[in-house]
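New to this one? Take a look at the sequence and the 3D view first, then read on.

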Amino acid sequence: MRIGVFVCHCGSNIAATVDSAAVAAAARDFDEVVFSTDTMYTCSEPGQTGIIEAIKTHALDGVVVAACSPRMHEPTFRRAVERAGVNRYMVEMANIREHVSWIGKDKEANTNKATELVRMAVEKLRLNRPLFPKTFKATRRVLVIGGGVAGIQTALDCAEAGLEVVMVERESTIGGKMAKLDKTFPTVDCSSCILGPKMVDVAQHPNITLYASAEVEAVSGFVGNFEVTIRKKVTCVDWEKCTGCGLCTEKCPSKKAYNRFDEGVGPTTAINIPFPQAIPKKAVIDKEFCRYFTTGKCGVCAKICPTGAINYEQQEELAQEKVGAIVAATGYDLFDWRAYGEYGAGRYPDVISSLQYERMLSASGPTGGHIKRPSDGKEPKTVVFIQCVGSRDASIGRPYCSGFCCMYTAKQAILTKDHIPDSQSYVFYMDIRAPGKAYDEFTRRAMEEYGAQYVRGRVALIYPKGDKLVVRGTDTLMSSQVEVEADLVVLAAGAEAARNASGLAEKLHISYDTYGFFVEGHPKLRPVETNTAGVFLAGACQGPKDIPSSVAQGSAAAAKVLGLLSKDVLESDPQIAQVTLQRCIGCGKCIRVCPFQAIRETDFRGQRKAEVIEAVCQGCGLCNATCPQGAIQLSHFTDNQVLAEVEALCRC
Amino acid sequence: MSVLEGKERRIIGFLCNWCSYGGADTAGVGRFSQPTDLRIIRVPCSGRINPLFIIKALLSGADGVLVSGCHPRDCHYAEGNFYARRRLEMCKQLLPAVGIDPLRFEYTWVSASEGQRWQQVVTDFTAQIHQLPPALRFSESPDLELLRQCG
């Protein structure tokens, strides 16, 4: 083999703490290395051209690039060598940036370590063999998980472009958190007026199949050919027959069911339609409160329903869908604000969450758009907003900023003044974070035009006094203690990962961070991709996001799906397991450990042998480590290659 | 050229591509400084690691071996790290039988977002290895000398 080594400076990123030229010089002594050089930016256009020219000049058939992480630029260099006529798998990278230059300042030790990593890469490359991808047909359909504004945007964009879309929503209606909002910042336009038409489009689009009250049960397969099992939850209403007339909800005698859509502000009926613009507009029975289920006697809805849609005996159903790509758009949930015992939420009825307040402001909400204290129904004159409840607080395990609370608090302060002109709002804040188009101007309006009193400081305690709540905090700008006698306290609860987001991540084989948010492929350059091919992210499931960002990401995810599925055939990764028939003893251990059922038993001249199904193998190498004979080897990561790396590090 | 005499020990890391290798990258991106002893070998999954790789490394003169994969239940390949967990624990239990101090080998789980945790893992493991005497090279083995004397 004729190997060329290219050691990158990455400007000063590597060269500041690694002597790249010395690494390149040392590499010349390695086995089968015939050319070695150091370059300023290997990934740049001149850098790649340099590789291509060196391949031609020196007749190289293998290349080692010592630069950044292969997770960053391996695809770049694979394409580069391919342009020079070398198989794309004849490239190895030595990670001398993330794993060397960025984590230590000792230049001697770093240069030495970088040299060793290059030697290791050379030894592995010597055992690389050219690999050739196979092609397979892709299913031109996409699954969108979550029907909030991000998922809706993705679904509509994909459907408009001609893809078939399957949308799964676990609630009985799509719309997500945005459907619960009254108005949106910074334009103060009506949330349901801008979201409603999009929801209707989802329902009416011929390319979209909607599963509401359903969850993703299992996902198998791989990019281009996912098999998804969807569990349709029991609603006790046959949605084929239900017309959404609402007669049942009027006659239902159980009128004190917990109203999830209204966040518990005001009750609902046991059989209910979450809100008037619900999509699909279908009734659902809440078994916990339904008298038929709690007392065994009732059945009023079944009698009244004009289409006979009520079915108390309904069972869960499983549906199967084949898709080529998956978009997770599962959004967020609110931090449980009761974690702050000193604020008394849960104990004092007049301490409520921002989303509960939002439902109160909404004209179609439980109070008809009138702000009322939950305790006595009176109109509050002094409203205190407390920001960062569950944001930027390491003591309760939420060190991150939820991003949008500053803005919605400003909006709520403005709306409070609109609804009750003689009211006074106080906002306790840590910092005001309003980096967006017309955002800062909006918060200034809340203060200057609407007279909201902004107090910079945390609240230490809330306690009741008569029918009021005393909010005691500090004003850090004045260095003084502040006490406000409030009628109503609104806690700006931060965002956290949606309930059971980690469970879904495990089904999709994507990563999630410490807080349960899904991890993107690259924080800057691959914001909607995941490290699992064919699975994309949209909206707040990746991290807290406001509506404009969620919509932008929804469209971005759609663009990625459309790009992926614009081809009729996809290329499979050839870094998969291969069986050497002479060595295989047909024990079947590999078949049992394979998580993807990618190995099957075959008959070879009367003997049992293992056979890899190439399109299904994902290249984990579990079989490789299991095989007692070493007969099944993972291409590109064979036993000999790993041992060659070990050997290279232990030699001398 | 090898590890720097008197300054470094020879530590080999086997990291799964999806979580721990990414976590080590995240640590780099965050400029979380770490000892320079560790050399990382990338494998697709911790389930790809044959315990023989570990034994082979330690017998060949590595002072320590560190394995890291995705957290259990969070494997990119669904269940590879469950197999890894059993194999690696068994490997650790067996090390004394082949005359290797089990402290020379650790396995752990680090996700792609846990850069700071990775820094801690590397720092702690490197300190642990520095507490131990340097591993004997095969050529320095007293048994080898004995064999030689026996002719």
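Here is a quick tour of the nonpolar cores, one helix pair and one buried residue.

This is a predicted model, where local features need pLDDT of at least 70, side-chain atom pairs count only at pLDDT 80 or more, and totals for chains, interfaces and linings use all residues. Residues are numbered from 1 along each chain as its sequence is written, chains are lettered from A and ligands numbered from 1 in the order in which they are written, and side-chain values use heavy atoms, with hydrogens and water left out.

**Nonpolar cores**
- The largest nonpolar core (buried Ala, Val, Leu, Ile, Met, Phe, Trp, Tyr and Cys residues joined through side-chain atoms within 4.5 Å) has 66 residues.
- Its residues with the most contacts inside it are A:Val118, B:Phe14, B:Ile54 and B:Phe105.
- Helix α5 (residues 107-125) of chain A brings the largest share of this core, seven residues.
- Beyond its neighbours within four places in sequence, A:Val118 is in contact (heavy atoms within 4.5 Å) with several residues, including A:Val23, A:Phe30 and A:Ala94.
- Another core, of 59 residues, lies apart from it, with A:Tyr408 and A:Leu469 among them.

**A helix pair in chain B**
- Helices (DSSP runs of H or I, at least four residues) α2 (residues 51-59) and α3 (residues 80-94) of chain B pack at an angle of about 35 degrees, with axes (lines fitted to C-alpha atoms over the stretch in contact, angles running from 0 to 180 degrees between N-to-C directions) 9 Å apart.
- B:Pro51, B:Ile54 and B:Ile55 from α2(B) meet B:Arg87, B:Leu88 and B:Cys91 from α3(B).

**A buried glutamine**
- A:Gln153 sits in helix α6 (residues 149-160) of chain A.
- A:Gln153 counts as buried (under 20% relative accessible area, 1.4 Å probe, protein chains only) because its relative accessibility is 9%.

Note on methods: Helices (H or I, at least four residues) and strands (E, at least two) are DSSP runs, numbered from the N terminus. Buried means under 20% relative accessible area, exposed over 50%, partly exposed in between (1.4 Å probe, protein chains only).
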